[in-house]
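Reader: Got a minute to walk me through this one? Let's start with the helix packing.

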Amino acid sequence: MISPALNILGIARKAGRVDIGDEQVSSAARAHSARLIILASDAADNTARRVRNLPGNGKVVTVPFTKDELGSALGKNSCAVVSVSDARLAKNFLEKLEAVQPGGYTDALEELSRQAERVDRRQAEKKAHEKNRRKKKS
């Protein structure tokens with residue numbers, strides 16, 4: 001049975017909010033677009049070290065899924081590292097993991113919750129601004 005957290009990753013991939021593999025994740029981290037960097041439990045030590053030393057504001061979490069499990073959720077053979085660029089999807093992913101493994105991801109979950117709130121607030125402001133523009137208010 002596939003985990004609900006892996007379902008969230010599949011949704012994020014279909015939405016185009018996922019970068020898969022070392023090079024793409026590194027590029028996303030350097031561009032500060034990676035909100036969450038997911039590392040497989042059986043990733044190589046060298047890969048884990050490289051990912052943890054990436055610049056940027058993305059939280060790095062090691063998940064209890066193997067490379068094969070991550071890969072199958074994303075439509076690949078295997079995948080050691082993935083980044084999610086949408087704060088709300090990343091928050092939902094960690095919430096599903098937190099339900100399975102309580103207390104393991106609280107720091108990252110708090111940070112992503114703050115980021116998701118900021119995104120929601122900005123979108124509400126933008127929507128109100130567009131509504132006011134349509135009504136010719138400034």
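Author: Sure. This is a predicted model. Take α5 and α6: α5 passes α6 in a left-handed crossing.

Reader: At what angle do the axes of α5 and α6 cross?

Author: Roughly 145°. The two axes come within 8 Å. Helix α6 covers residues 106-134.

Reader: Which residues make that contact?

Author: From α5, A87, R88, A90, K91, L94, E95 and E98. From α6, T106, A108, L109, L112, S113, Q115, A116, V119, D120 and Q123.

Reader: And how do the residues between α5 and α6 divide by class?

Author: Eight are nonpolar, four polar and five charged.

Reader: OK, other partners. How do α1 and α5 cross?

Author: Helix α1 is residues 4-14 and helix α5 is residues 87-100. Their axes come within 8 Å, crossing at roughly 165°. That angle is over 145 degrees, so α1 runs roughly antiparallel to α5.

Reader: Which hand does the α1 and α5 crossing have, left or right?

Author: Left-handed.

Reader: What meets what there?

Author: On the α1 side, P4, A5, I8, L9, I11 and A12. On the α5 side, L89, N92, F93, K96 and L97. By class, the contact of α1 with α5 holds nine nonpolar residues, one polar and one charged.

Reader: And α1 against α4? What is the angle there?

Author: Roughly 45°, with the axes coming within 8 Å. Helix α4 is residues 67-74. The angle makes α1 oblique to α4.

Reader: Left-handed or right-handed for α1 and α4?

Author: Right-handed. α1 brings L6, L9, G10 and R13 to the contact, and α4 brings E69, L70, A73 and L74. Five of the residues in this contact are nonpolar, one is polar and two are charged.

Reader: L9 rings a bell. Where does L9 turn up?

Author: In two contacts of α1. L9 is listed in the contact with α5, and L9 is also listed in the one with α4.

Reader: Switching to the sheet. What is the strand order?

Author: β1-β4-β2-β3, four strands in an open sheet. The pairing is mixed.

Reader: Why are β1 and β3 left without a neighbour on one side?

Author: They stand at the edges. β1 (18-20) and β3 (59-62) each have a single partner strand, so one side of each has no neighbour in the sheet.

Reader: How much are neighbouring strands turned against each other?

Author: By 20° on average, ignoring direction.

Reader: Which sense do β2 and β4 pair in, parallel or antiparallel?

Author: Antiparallel, over four bridges. β2 is residues 36-39 and β4 is residues 81-84. In one of the bridges, L39 has V81 of β4 as its partner.

Reader: Which strands does α2 touch?

Author: β1, β2 and β4. Helix α2 (residues 22-30) packs on the sheet, and its direction makes about 35° with that of β4.

Reader: Zoom out. How many helices and strands in the chain?

Author: Six helices and four strands. Along the sequence the pattern reads α-β-α-β-α-β-α-β-α-α. The C-alpha trace spans about 55 × 30 × 30 Å along its principal axes.

Reader: Last thing, confidence. What is the average pLDDT?

Author: 90 for the chain, with 97% of the residues scoring at least 70.

Reader: Which elements have the highest and lowest mean pLDDT?

Author: β4 has the highest, at 96, and α5 the lowest, at 90.

How values were computed
Residues numbered from 1 in each chain as written. Predicted model: local features only at pLDDT ≥ 70, side-chain atom pairs only at ≥ 80, totals over all residues. Heavy atoms only, no water. Pairing = 2+ DSSP bridges. Axes fitted to C-alpha atoms, helices over the stretch in contact; angles between N-to-C directions. Contact = heavy atoms within 4.5 Å. Parallel < 35°, antiparallel > 145°, perpendicular 65-115°, else oblique. Left-handed = near helix turned anticlockwise from the far one by under 90°. Nonpolar A, V, L, I, M, F, W, Y, C, P; charged D, E, K, R; others polar. pLDDT = per-residue confidence, 0-100.
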